[in-house]
Amino acid sequence: MTHQTSRRSVLAAAGALLASGAVPTAFAQQRVIHIVVPFATGAVQDTVARAISNELGAALNAAIVVDNRAGAGGTVGAAIVAKAPADGNTLVLAAASHHIAGFLYSKLAYDPLKDFVGVANIGNAGYALAVGGGLNPASTAEFIKEVKANPGKYNYASAGNGSATHLAMASFLAKAGLQMTHIPTKSTGEAVNELLAGRVQAVISSSIGVIGFQNDPRMKLLASTGEQRSPFLPNLPTVAESGLPGYSFDSWIGLLAPAATPKAEVEKLNAATNKVMADPVIQERFKRLGVEPRNQSPEEFQKLLRADWDAMGVVVKASGAKVD
C-alpha cells in the first residue's frame, strides 16, 4: 500500500467516525469557552482575563476566547452572558460595576444578582486617587480644599457611566461635598490617559491603571481607597486617613455564569480557576497588576456577591448618581 493510499484510508476512517458520532479524542473538537469582558481593552477586567486565559484554558483543556463587549457601563456584555446557554461555555469577567449597574439603570434586560451564579472569585482590586492637569496638592485634604474653593472648575475621568471608577469618584465627591464635571471614557486606560494629557484633573482608578505611573511627573498618587493601605502601594495613605474619614472603595473581580448553569459545571470551573490562581507564577503576575488573588468555593463567592449587592446599593445612593 502506498503512502498516499494509506493517508486516504486514515482520512476516510476519521470521516466515518465523525459521521457516526464515535469520535476518538484525537479527532474531537476542543471545547471553546468565551470570557466576555464588558469593557474595552485596557479595563481592569480585560487585563485580568488576559492574565489567566492561557493557564485557565490549559487547566480545562479548552480554548479560552476573551471577548470584549463594551457599552453602557458593562451592561451590554453582562446581558449577553445572562441570555447565553447555561453550559459553562460563556462567562463574564465581572467586578463591582456589575452590581452598581443594577442601581444606576432603571431598566435592565437582566437582574445582576438573580440571573447569574458566582463561578470563581479571582481577586480583589484596589483603587487609588490620582491627580494631575495642573493640580499638585500634597494630600487628599489639600485636594478637597482646592476643589471645594472652585466648584465646577475641575473635571474627572472614569471608565464610563456606571463603571466602578465612576461610582468611586462620585461617592467621594458626594461625601466631601465637592462639585466636579464627569468625563466618561470607554476604559480605565483611556481615563488615565485623559489625566496624563492634562485634560482632566483627577481620576480614581484601579491600581492596575496607575501603578506603573508612580514616578511620572504628569500624575500624582494621593491615596488608596480601601479600608487598609494597599500591599502594592504601602507608602500611600488611604483616603480615610489623609482627608476624608469614613470613605472606602474596592472591588472583587470574578467569573460569573448564567444562573441555570449546572452545579457540577460551576464546581469544575471553580476548581480549575482556583488551581490557576494558586500558581506562584500567576500570583506574582497579579502582584505586578496590583490585584490580590482570592481562592473561594462557589458557595463562599455567592455569599460575597449577595453582600456586595447590598453594599453597592448604599454606595450608589450615597453618590446621588443616576444614569436613567
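**Note on pockets, cavities, helices and ring pairs**

1. In this predicted model, the lining of the largest pocket comprises 11 nonpolar, nine polar and five charged residues. The volume of that pocket is about 530 Å³. Its lining counts 25 residues, and those closest to the centre are Ser248, Phe249, Asp250, Met312 and Val315.

2. Several elements contribute to the wall of the largest pocket. Strand S4 (116-125), helix H6, strand S10 and helix H12 each give at least two lining residues. Helix H12 provides the largest share, with eight residues.

3. The second largest pocket has a volume of about 200 Å³. It is lined by 16 residues, of which Asn124, Gly226, Gln228, Asp250 and Glu292 are the closest to its centre. Four nonpolar, eight polar and four charged residues make up this lining. Asp250 thus deserves a second look in the structure: it is listed among the residues closest to the centre of the largest pocket and also among those closest to the centre of the second largest pocket.

4. Enclosed spaces come next. The count of cavities of 30 Å³ or more is two. The largest cavity has a volume of about 90 Å³. Its lining consists of Phe39, Ala43, Val44, Gln45, Ser97, Tyr127, Ala159, Ser163, Ala164, Thr165 and Thr188. By class, six of the lining residues are nonpolar and five are polar, with no charged residue. Helix H2 and helix H6 (164-176) each supply at least two residues of this lining.

5. The second largest cavity holds about 50 Å³ of space. Pro38, Phe39, Gln45, Gly73, Gly74, Thr75, Ala78, Ala94, Ala95, Ser97, His98 and Tyr110 form its lining. Helix H3 (75-82), strand S3 (90-95) and helix H4 (96-104) are the elements that give two or more residues to it. Here the division is six nonpolar, six polar and no charged. Phe39, Gln45 and Ser97 appear in the lining of the largest cavity and also in that of the second largest cavity.

6. Helix H2 merits separate attention. What span should its 17 residues, 44-60, have, and how far apart are its end C-alpha atoms? At 1.5 Å a residue the expected span is 24 Å, and the end C-alpha atoms lie 23 Å apart, which agrees. Helix H2 nevertheless contains a kink of about 45 degrees, centred on serine 53. After the helix comes asparagine 61, with a positive phi near 50 degrees.

7. The buried residues of H2 include Val44 and Gln45, two residues that also line the largest cavity. Serine 53, at the centre of the kink, is buried as well. Is asparagine 54, which lies in the same helix H2, buried or exposed? Asparagine 54 is exposed, because its relative accessible area is 64%, and the cut-off for exposed is over 50%.

8. Helix H10 can be treated in the same manner. Its 15 residues, 263-277, should span 21 Å at 1.5 Å a residue, and the end C-alpha atoms are 21 Å apart, in agreement. Glu265, Val266, Leu269, Asn270, Ala272, Thr273, Asn274, Val276 and Met277 are its buried residues. Glutamate 265 is separated from asparagine 54 by 211 residues in sequence and by 20 Å in space, C-alpha to C-alpha.

9. Six aromatic pairs are found in the whole structure. One of them joins tyrosine 110 and phenylalanine 116 edge-to-face, with 5.8 Å from centre to centre and 85 degrees between the planes. Both tyrosine 110 and phenylalanine 116 are buried. Tyrosine 110 also belongs to the lining of the second largest cavity. In addition, ring pairs connect Phe143, Phe172 and Tyr247 into a cluster.

10. Why is the pair of tryptophan 252 and phenylalanine 301 edge-to-face? The ring centres are 5.8 Å apart and the planes stand at 75 degrees, so the pair is edge-to-face, the cut-off being over 60 degrees. This pair links distant parts of the chain: tryptophan 252 belongs to strand S10 (residues 251-258) and phenylalanine 301 to helix H12 (residues 298-319), 49 residues apart. Tryptophan 252 counts as buried because its relative accessibility is 5%, and phenylalanine 301 counts as buried because its value is 0%; the cut-off for buried is under 20%. Strand S10 and helix H12 also contribute to the lining of the largest pocket.

Definitions and conventions: Residues numbered from 1 in each chain as written. Predicted model: local features only at pLDDT ≥ 70, side-chain atom pairs only at ≥ 80, totals over all residues. Heavy atoms only, no water. Helix = DSSP H or I, 4+ residues; strand = E, 2+ residues; numbered from the N terminus. Expected span 1.5 Å × (residues − 1). Bend = angle between axes of the 7 residues up to and from the residue. Buried < 20%, exposed > 50% of the residue type's maximum accessible area, 1.4 Å probe, protein only. 1 Å grid on protein atoms, 1.4 Å probe; cavity = no way out; pocket = protein on both sides within 12 Å on 5 of 7 lines; lining within 4 Å. Points joined across faces, edges and corners; volume = space filled by probe spheres on them. Nonpolar A, V, L, I, M, F, W, Y, C, P; charged D, E, K, R; others polar. Phe/Tyr/Trp six-rings, centres within 6.5 Å; stacked < 30°, edge-to-face > 60°.
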